[in-house]
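Q: I am new to this structure and would like a close look at one part of it. Could you walk me through the open sheet in chain B, strand by strand, and tell me what packs on it?

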Amino acid sequence: MPDIIAAILVLLGLALAFGALLGFAAERFRVEGDPVVEKIDALLPQTQCGQCGYPGCRPYAEAIGQGEAINKCPPGGEATIAALADLLGREPEPLDGEAQDEPRVAFIREDECIGCTKCIQACPVDAILGAARQMHTVIAEECTGCDLCLDPCPVDCIELRPREPNAWHGPRPALITSDRLDPRVGAEGVTR
Amino acid sequence: MSRAFDFPGGIHPPTRKARSTREPLREAPLPRRVVLPLAQHRGQPAVPCVAVGERVRTGQVIARPQGRVSAALHASISGTVSAIEPRPVPHPGDLTAPCIVIEGDGADDWAPMPALAWRDTPTEALHRRLAESGLVGLGGAGFPSQIKARLGEHHPIDTLVVNAAECEPYISADDLTLRHHAAEVLEGARLLAHLLGAERILVGIEDDKPEALAALNTAIAAAEGMPAIELKVIETRYPSGGEAQLIRRLLGRQVPGGGLPADVGVVCHNPGTLWAALEAVRDGRPLVSRVVTLTGEALARPGNVIARLGTPLAELLEDAGLDPDRLARLVMGGPLMGQPLARLDLPLVKSTNCLIAASAEELPAPPPPRPCIRCGDCETACPVALAPQRLFAFAQAKSDDKARELALFDCIECGACDYVCPSHLPLVSQFRAAKDRLRRQEAEARRAEHARHRYEGRQARLEREAAEKEARRQARRQAASRPPSGPAPQARAQDSGGGQDAVKSLRIAQAAAKAALRKAERALARASDADEATLADLETQRTTAEEHLKAAEARLQTAQTRNDAQSSAEESP
């Protein structure tokens, strides 16, 4: 009988000790925010265009975390859907909306700009430079091509143009490496 | 030599070098007009520092480097700048790129830099001279040499390797350079070894260049002083001229995947680069010309010429007796790693080591590819011990991540697998395409990350503005309503308790924002030598943290004023 009591006491002690440890760890090492949302946000293209119906990529990431469909991001296209499906273990769905095949940047036709600053307020990434009654221009490097500045413009002087590809990293077609030296040709020229 | 000191695989293609090595090295005629692309090197293109219409002298700087990896550009003839505009450049995509065009006056009026005796010149001045000379690796990769010369500052370098293997068929530019200027190449090697702090100079050369070997032996015997120069002759096998392959063969050291030769204490230089480095220092002569091999069956007088940069390829080839009817394809570089050129009106650039004007019989069009038969020949030939057939399958299926797992980025694109493939599969083009896709993907991911930081920065700014507005409004309201009429006492008591809690949590938020700002500042300070894009990104993050802190402070202020107002209201009745 005393053995049983001793065993119970020992187990009780262990349970309390580990319970306290776990409780402490849960407080001490608590993860701020939702880590899944962070991961989803990292996969989105960050154009902040709002085409998904949410006011930015982060809100859409939060919505996906709550069970929203993963196919509402046209700038990301199929690649983003595949990556999200992979991360969340869901089935990839066809894209809801029109795919954008090439990256674009906004361009302000500066002759027509009246300097109303409306596009500056609309830009989610602060990529438009200008002041009231002064000409505005787009910092092409920072522009995500979200087209949110197009609607507010009262004179329709903003258009989207394809982003210039980096010349030295473009595709390399027709490589000579696919050609072989003809073995019939000798080392010092053609033997005929 | 034991196999442990050798790289795996390799091939023995017909070398076809004899055609271009019969004639001695000669000067190409001075071009009447040169076209100098601003991006003839790895990294950022140079920025023009001359205007259209300006007179320039040979050797004068016409474009300055920008950013960390870049190279200066010099006028290669004297004359007048006639245009700065996009022109076709030798690029596989057949693209145009910004170029500076100079109409020559035929005088070749030089503006050299002051000559330096490198043994008596401070190291820093020598580094500066290399940077000012626009020197890049002349073996084909075009990496700015001043960066390579500074590798000794971060890595312990013990050996400078002179890469005279020149293993690719047709090319004989280094061979001829060594035959005629071996002593200068070795002196240049000593200069760079001095800058790197290397104690040993090792010349690696393939055994199919007896004349160059003899010239080197004579030069080594005549050269005196330290460091001593060793010569190692290796059996001819492609691609022993690859940096990692040559280091393995000469020193038995393995350059780690994704690493640099500097990681194993070695720096490689091509003989042409060393010669140019010596001329830049000793004669004050910047990089305005290079040795180029002109060969192929469509040329009547093949050989090696010293040509000014920017010379139209058509002029060079016509001078070598080009027969346009026989010309079936023009290749820049070697037949295995070079690129086909679609037109003749392109300029000679810093990385052009060879031009092959091939007839149709010489380099026939490839037969159509057939399916892979899993023979494994490519695996036997691969000098990096990759599995090309598996890489090919993944690259073709666009499963780029899987290809990356199989060390796709260790592929040196030597073309040995293409050469041996019995099914004539275009393996290397697929590898290059897959690498390009992966690089672009990474660039997109970086862009997206940066856009996110900018977006967060904007959100933080809007938040701060709102919080400050609220704080001002609160302060105004309080000033206007003193003595306060006060809400109902019951509600007031509740409010007060809630107010205290709110102030407390806002204090915590403020402390957290302060910590975040400090962290961002530290990250920015640590990355002081990172490239511009990274710095801009870190700066955005720092500004965001600052805005967060300001917003937190403003909110705290609002809450405190409200609390003060309430407590004074409670005291007054």
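A: Happy to! Let's begin with a term: two strands pair if DSSP finds at least two bridges between them. Keep in mind, too, that this is a predicted model.

With that in hand, here is the sheet. In chain B, 6 strands form an open sheet, and reading across it the order is β1-β14-β13-β17-β15-β16. The pairing in this sheet is mixed. Two strands of chain B sit at the edges, β1 (26–27) and β16 (339–341), and each of them pairs on one side only.

Now let's stay with the β1 edge. The partner of β1(B) is strand β14 of chain B, residues 303–308, and 2 bridges join the two. These strands run parallel. To find the spot in the 3D view, look for E27(B), which stands opposite I306(B) in β14(B).

Next comes the helix. Helix α4 of chain B, residues 173–196, packs on the sheet. The strands of chain B that α4 touches are β13 (289–295), β14 and β17 (354–358). Compare directions and you will find that α4 makes about 120° with β13(B).

So β14(B) is a good strand to keep your eye on, because two strands pair once DSSP finds at least two bridges between them, and 2 bridges join β14(B) to β1(B). Strand β14 of chain B is also among the strands touched by helix α4.

Methods. Residues numbered from 1 in each chain as written. Chains lettered and ligands numbered in written order. Predicted model: local features only at pLDDT ≥ 70, side-chain atom pairs only at ≥ 80, totals over all residues. Helix = DSSP H or I, 4+ residues; strand = E, 2+ residues; numbered from the N terminus. Contact = placed C-beta atoms within 7 Å. Axes fitted to C-alpha atoms, helices over the stretch in contact; angles between N-to-C directions.
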